[in-house]
Amino acid sequence: MARQKHLIAPSLLAADFTNLKKDIEMINASEADWLHLDVMDGVFVPNISFGMSIIKQLRPICTKVFDVHLMIENPSDYIEAFVDAGAEVISVHYEACTHLHRVIQQIKAAGAKASVAINPHTPASALDDVLEDLDMVLVMSVNPGFGGQKFIYRALEKCRYLREQITIRNLNTRIQVDGGVGLQNAEAVLKAGADVLVSGSAVFKSSHPADTIAKLKHIDPHSLLV
Ligand code: DX5
Ligand code: ZN
């Protein structure tokens, strides 16, 4: 299956929460494909962010696909509520799901694309038996919980492994990389096989966020595959 054009998913976590409307308007006018929404419960990760009511309020003012990253325990209790709030892609953590296969089917039955996130300590091969069921794999390149952390390079090896599996099995599962991604390493991430880049601080803390999004979008992965 042909490699798909990569997507850019700015992470709202790094936005200005005193003026979210301004940042959403910037995203709407930018070349971003998705808006990445980080939901944290203070249990699965040592931080608390926002939940479905904020997502539901943002839905009518944002034109991009809502990519919801659930860093929560018991995600199966909330899947339908997040779809109802506007989630179109939902990532649950491998480490938070005892019955992962069931949760993946639940996400699809609720009408969203299903993705599983793996923490830095989880091998990509842990997803071998569910890869066919997934629309996307989210490779964490930091420990989840906070924006602005340093990229863990081991994530590239996981992308290479997953890309090989996806190619061998003729799937069109996407590979998303999340944490510490910016202009300094995006080429390497794409070259390793990723095709969705999440970027929080590197976008929102830059002097021209829309330009940074455009630069990330215009990297040509084909020219890198030499
Ligand atoms: C971390 C979140 C990330 C975060 C990325 O737990 O999952 O999506 O917002 O932020 P940066 O790009 O600043 O590392
Ligand atoms: Zn995230």
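1. Let's start with strand β6 (residues 136-140), which is mostly covered: 5 of its 5 residues are buried. Here, buried means under 20% relative accessible area, exposed means over 50%, and partly exposed is in between (1.4 Å probe, protein chains only). Strands (E, at least two residues) and helices (H or I, at least four) are DSSP runs, numbered from the N terminus. Before you go on, note that this is a predicted model, where local features need pLDDT of at least 70, side-chain atom pairs count only at pLDDT 80 or more, and totals for chains, interfaces and linings use all residues. Residues are numbered from 1 along each chain as its sequence is written, chains are lettered from A and ligands numbered from 1 in the order in which they are written, and side-chain values use heavy atoms, with hydrogens and water left out.

2. Which way do the side chains of β6 point? Met136, Leu138 and Met140 go one way, Val137 and Val139 go the other way, and all are buried. In a regular strand, side chains alternate between the two faces of the sheet.

3. Now the strands that pair with β6. Strand β5 (residues 113-118) is joined to β6 by 4 bridges, and the two run parallel; Ser115 has Met136 as its bridge partner in β6. β6 also pairs with β7 in the parallel sense, over 5 bridges. Two strands pair if DSSP finds at least two bridges between them. From β6 to β7, Met136 stands opposite Arg174, and Met140 has Asp178 as its bridge partner.

4. β7 is mostly covered as well, with 5 of its 5 residues buried. Arg174, Gln176 and Asp178 sit on one side, Ile175 and Val177 on the other, and all are buried. Have a look at Ile175: it counts as buried because its relative accessibility is 0%. Its C-alpha atom is 7.2 Å from that of Val139, although the two residues are 36 apart along the chain. Leaving aside neighbours within four places in sequence, Ile175 is in contact (heavy atoms within 4.5 Å) with residues including Val137, Leu162, Ile166 and Val196.

5. Asp178 also takes us to the metal. Which residues coordinate the zinc ion (ligand 2)? They are His36 (NE2), Asp38 (OD), His69 (ND1) and Asp178 (OD), at 2.0 to 2.2 Å. Donors are N, O and S atoms within 2.8 Å of the metal (3.2 Å for Na, K and Ca), and since water is not among the atoms, sites may look incomplete. Along the chain, the donors follow the spacing H-x1-D-x30-H-x108-D. His69 lies in strand β3 (residues 65-71) and Asp178 in strand β7 (residues 174-178), so this pair ties together parts that are 109 residues apart in sequence. His69 is buried at 0% relative accessibility, and Asp178 is buried at 8%.

6. Why is the zinc site called octahedral? Because the 6 donor atoms around the zinc ion (ligand 2) subtend angles of 71 to 170 degrees. The rule is that six donors count as octahedral, and four as square planar, if opposite donors are over 155 degrees apart and all others between 65 and 115; four are tetrahedral if all angles lie between 85 and 135 degrees, and anything else is irregular.

7. On to charges: the structure holds 8 salt bridges. A salt bridge is a side-chain nitrogen of Lys or Arg within 4 Å of a carboxyl oxygen of Asp or Glu. In one of them, Lys217 pairs with Asp33, and the closest N and O atoms are 2.9 Å apart. This pair links distant parts of the chain, with Lys217 in helix α8 (residues 209-217) and Asp33 in the loop between α1 (20-29) and β2 (34-40), 184 residues apart. Asp195 and Arg174 form another, at 3.5 Å between the closest N and O atoms, and both residues are buried. Asp128, Glu132 and Arg169 are linked in a network of salt bridges.

8. Last, a residue to puzzle over: Lys158, in helix α5 (residues 154-168). Lys158 is buried yet has no salt bridge, and the nearest side chain of opposite charge, Glu95, is 7.0 Å away. For charge, Lys and Arg count as positive and Asp and Glu as negative, while His and the chain ends are not counted. Not counting residues up to four places away in sequence, Lys158 touches Ile118, Asn119, Pro120, His121, Thr122, Ala124 and Val139.
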